[in-house]
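Visitor: Hey, I'm new to reading protein structures. Can we walk through one together?
Guide: Sure, here it comes.

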Amino acid sequence: GGGGGGGGGGGAAGAGGKHKKSKVKIKSSQRDKAPYHVIILPIAWHQRKEESQRILAASEKAQQLLQAAGLTCRIDDGDKFTPGQKMKYWELRGVKVRLEIGPKESLAGSAVLAVQAAAPGQVAQKSSVKVAEPVLSQRVKAALQKLGALEDVAGDAPGPDDAQLQQQQQRQQLKEEGGEKRNAADAAESGEGDQGE
């Protein structure tokens, strides 16, 4: 294959320019255990709503096509990390094939197929592929076979933004539970809790 579209430009994705220098952290137990055959990276500026929606729709189409072909895949559309940080994260997790879909690709009905044959952090081989059957699944399966990575993988592993989201949900739940306890205590003190007398 030839050179792809590059993925839509520099540090555009998920960003909107509000990124701090977040470091991607991987536990040693997570290294090299590919949770998916393919990771799909939508690369968009979140301020450009219409463009972002088009890119996400193209990513979802690619995911559906790959899943129908029996491949495990995930769309990493979180906005905590830059595209490069996401690429490194998934490479360290052992995912060697990714699809990058940016503004140009979403308009063309294509994606950049990036194959990581070398060590994580090295430049992946990139080529353009149509997001259509049977070409998409054939190209992805061929890349996985060449890497010896087509065997089953464990699915549904957390992404780089998932742990933070889970922590936020737990904090919110604790706040809500704490608020309910305070409200019950306040009601008991004012005598409102004893309605059955």
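Guide: One term to begin with: a residue is buried if under 20% of its relative accessible area is left, exposed if over 50%, and partly exposed in between (1.4 Å probe, protein chains only). Also, this is a predicted model, where local features need pLDDT of at least 70 and side-chain atom pairs count only at pLDDT 80 or more, while totals for chains, interfaces and linings use all residues. Residues are numbered from 1 along each chain as its sequence is written, and side-chain values use heavy atoms, leaving out hydrogens and water.

Visitor: OK, which residues of H4 are buried?
Guide: Leu136, Ser137, Val140, Ala143 and Leu144. They cover an arc of only 130 degrees around the axis, so they sit on the same side of H4. That arc is taken from the directions from the helix axis to the C-beta atoms.

Visitor: And what's on the face turned away from that buried side?
Guide: There you find the exposed residues Gln138, Gln145 and Lys146.

Visitor: What covers the buried residues of H4?
Guide: The cover includes E1, helix H1 (49-68), E3, E4 and E5. Contact here means heavy atoms within 4.5 Å.

Visitor: How do you decide what a helix or strand is, anyway?
Guide: They're DSSP runs numbered from the N terminus: helices are H or I with at least four residues, strands are E with at least two.

Visitor: So how many helices and strands does the protein chain have?
Guide: Five helices and five strands. Along the sequence the pattern reads β-α-β-α-β-α-β-β-α-α.

Visitor: In what order do the strands form the sheet?
Guide: E2-E1-E3-E4-E5, an open sheet with mixed pairing. Strands E2 (73-75) and E5 (125-130) are at the edges with a single partner strand each, so one side of each has no neighbour in the sheet. Two strands pair if DSSP finds at least two bridges between them.

Visitor: In what sense do E4 and E5 pair?
Guide: Antiparallel, over six bridges, with E4 being residues 110-115. Alanine 111 stands opposite valine 129 in E5.

Visitor: Back to H4, which strands does it lie across?
Guide: H4 (residues 135-147) lies across E1, E3, E4 and E5, at about 155 degrees to E5. Such angles run from 0 to 180 degrees between N-to-C directions, with axes fitted to C-alpha atoms, for helices over the stretch in contact.

Visitor: Last one: how much of the protein chain is buried?
Guide: 40% of its 197 residues count as buried.
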